[in-house]
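Student: Got a minute to go through this one with me? I'd like to start with the overall surface.

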Amino acid sequence: MADRLKPLRRLLANRALLAALLAALLGAGALGYMGLRAFLDQRAYSRGHEAYRQADCTTALAQYDQSQPSCSRGSTVRSK
């Protein structure tokens, strides 16, 4: 039984390696999330832009709001 735990003990003894592996996994996850988010935002923006070009402002605003969920409509742009 002690022989089976030897590799695990060796890995746990090298905490710097374990921390580096964890950081790499978290970094890869964060990059994957940001890439997916950018892809989905670009698709929503493109749909909104196409609706705007076809003079369908209701759909365009909904798509733009979906691509920029942190911005509330009208908070940064004032209508004339």
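Student: How much area does the protein chain expose, and what share of it do carbon and sulfur atoms supply?
Tutor: About 7,100 Å² is exposed, and carbon and sulfur atoms supply 62% of that. Areas come from the Shrake-Rupley method with a 1.4 Å probe; for residues, only the protein chains shown count as cover. This is a predicted model: local features need pLDDT of at least 70, side-chain atom pairs count only at pLDDT 80 or more, and totals for chains, interfaces and linings use all residues. Residues are numbered from 1 along each chain as its sequence is written, and side-chain values use heavy atoms, with hydrogens and water left out.

Student: What percentage of the residues count as buried?
Tutor: 8% of the 80 residues. Buried means under 20% relative accessible area, exposed over 50%, partly exposed in between (1.4 Å probe, protein chains only).

Student: And how many helices and strands?
Tutor: Three helices, zero strands. The order from the N terminus is α-α-α. Helices (H or I, at least four residues) and strands (E, at least two) are DSSP runs, numbered from the N terminus.

Student: How far does H2 reach?
Tutor: 57 Å from its first C-alpha to its last, over 39 residues. That is close to the 57 Å expected at 1.5 Å a residue. The expected span is 1.5 Å times one less than the number of residues.

Student: Which residues of H2 are buried?
Tutor: Ala44, Gly48 and Ala51. Serine 46, also in H2, is partly exposed at 36% relative accessible area. Its C-alpha is 8.4 Å from that of glutamine 63, 17 residues away in sequence.

Student: Switching topic: which residues make the nonpolar surface patch?
Tutor: Leu5, Leu8, Leu11, Leu12, Leu17, Leu18 and Leu21, about 560 Å² in total. Patch residues have over 30% relative accessible area and no salt bridge; like charges are joined within 9 Å, nonpolar side chains (Val, Leu, Ile, Met, Phe, Trp, Tyr) within 5 Å. A salt bridge is a side-chain nitrogen of Lys or Arg within 4 Å of a carboxyl oxygen of Asp or Glu.

Student: Which helix gives the largest share?
Tutor: H1, with four residues. H1 (2–13) and H2 (15–53) each supply at least two. Leucine 12 lies in H1 and is partly exposed, because its relative accessibility is 44%.

Student: What is the phi of alanine 55, just after H2?
Tutor: Positive, about 65°, although alanine 55 is not a glycine. Most residues other than glycine have a negative phi. Alanine 55 sits in the loop between H2 and H3 (57–67).

Student: Is alanine 55 buried or exposed?
Tutor: Exposed, because its relative accessibility is 62%.
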